[in-house]
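Let's walk through this structure together, with an eye on how its helices pack and how its charged side chains pair up. Have the model open and turn it as you read.

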Amino acid sequence: MQTIDLPAGPALQHRAQAVFESSLQQIHVQTDRLFANLMILQWLAGIAAAIWISPRTWIGATSTVNLHVWAAIFLGGVISGYPVFLAWKHPGRVMTRHAIAVGQTLTSALLIHLTGGRIETHFHVFGSLAFLAFYRDWRVLVTATVVVGVDHLVRGLYWPQSVFGVLTPSSWRWLEHVGWVLFEDAFLFISIRQSLRQMFEIALRRAGLENLNAQIELQVVERTAALEKTNAELRTALANVKELSGLLPICSYCKKVRDDQD
C-alpha cells in the first residue's frame, strides 16, 4: 500500500493510515467496475469500427466483411475478456488494475489499427491514461506507458501503416508518440500525488475526530459511573439516618402527635 507521512502521534498515524488504505481500496474496486463496463463498450465499438470504417480505410471504396471484423470480434474479445473477468471476480487487487492497464492500452492499439493508423484515434491512448489515473496509483500508468511504447516501436518498424497510417517505416517516430505520453504522465503523476496527500489529510482529520469522540465517550462513562456511585452513597447515608432516627428517644409530645396522626 502507498503511504504518506504527516506529523501526528503514532496511534493517530496508525489509525489514519488504516482509514486511508480503506478509502483507497474502495476507489480501486469502484474503478475496476468502471473499466469492466468501459471495456465491454469499447469491444462493441471496435466491432462497429471494423464493420463500417476498416474496410474503406484499408481497402478503399470497397466495403466488405474482411479480416479486421474477425480481429475486432475475437482479438478484441481476448483483450477485454480477461481484465473484465478479473474486475468482477477479484476487484481491488493489484493484478487486476495492471491487467486492466494492459488491456486498455491494447484496446487503444486495436482501435488505431482498425482505423488504419488515424492520428485522431491516437487520442484514445491519452484518454485511457487519464482514466487509469482514477486508480491513484502511478505504477498503473507505468505499465500502460510501457505497453504503448512497445506497441508503437514494434508496429512502427514492421507495420507502420497499422499504427501511423504510412507505408514507410520510421525508426524514431515512435519516440515522438511516447514522448507525448510521458508528457501527460508527468502531470498525472503530480495530480495523483496531490490527490493521495489530500486523501491522507482527510483520513488524519477523521482519525482525530474519532479519537476525540472516544475521549468524550470515556469521560461521559466515567462521570456517569461517578454520579451513580455518589447517588448510591447518598441513598446509603439516608438509610442510615432513618435507621438511627428510629433508635433515638422520642419526646412525649412528639409521640402524642405521631400517635394522633396515626
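Which side chain meets that of Asp-137 in a salt bridge? In this predicted model, the partner is Arg-97, with N and O 2.9 Å apart. The pair links distant parts of the chain, since the two residues are 40 apart: Asp-137 sits in the loop between helix H5 (123–132) and H6, while Arg-97 belongs to helix H4. Asp-137 has a relative accessibility of 0% and therefore counts as buried. Arg-97, at 5%, counts as buried too, because the cut-off for that label is under 20%.

Now stay with Arg-97 and look along its helix, H4 (residues 94–114), towards H6 (residues 138–158). Two packed helices are described by the angle between their axes and the distance between the axes. Here the axes of H4 and H6 come within 9 Å and cross at roughly 30°. Angles under 35 degrees count as roughly parallel, so H4 is roughly parallel to H6. The crossing of the two helices is right-handed.

Which residues make this contact? From H4 come Arg-97, His-98, Ala-101, Val-102, Thr-105, Leu-106, Ala-109, Ile-112 and His-113. H6 contributes Arg-139, Val-140, Thr-143, Ala-144, Val-147, Val-148, Asp-151 and Arg-155. By character, the residues of the contact divide into 9 nonpolar, 4 polar and 4 charged. Arg-97 is thus met twice, once in the salt bridge with Asp-137 and once in the contact between H4 and H6.

Two of the H6 residues in that list, Asp-151 and Arg-155, form a salt bridge with each other, their closest N and O atoms being 2.8 Å apart. Both lie in helix H6, separated by 4 residues, about one turn of the helix. Are they buried or exposed? Both Asp-151 and Arg-155 are buried.

For another pair, move on to helix H8 (residues 173–247), where Arg-206 and Glu-210 are also placed 4 residues apart, about one turn of the helix. Arg-206 forms a salt bridge with Glu-210, with 3.3 Å between the closest N and O atoms. Arg-206 has a relative accessible area of 44% and so is partly exposed. Glu-210, at 27%, also counts as partly exposed. Salt bridges that share partners join these two residues with Arg-15 into one network.

Across the whole structure, a search finds 5 salt bridges, among them the pairs visited here.

Notes
Residues numbered from 1 in each chain as written. Predicted model: local features only at pLDDT ≥ 70, side-chain atom pairs only at ≥ 80, totals over all residues. Heavy atoms only, no water. Axes fitted to C-alpha atoms, helices over the stretch in contact; angles between N-to-C directions. Parallel < 35°, antiparallel > 145°, perpendicular 65-115°, else oblique. Left-handed = near helix turned anticlockwise from the far one by under 90°. Contact = heavy atoms within 4.5 Å. Nonpolar A, V, L, I, M, F, W, Y, C, P; charged D, E, K, R; others polar. Salt bridge = Lys/Arg side-chain N within 4 Å of Asp/Glu carboxyl O. Buried < 20%, exposed > 50% of the residue type's maximum accessible area, 1.4 Å probe, protein only.
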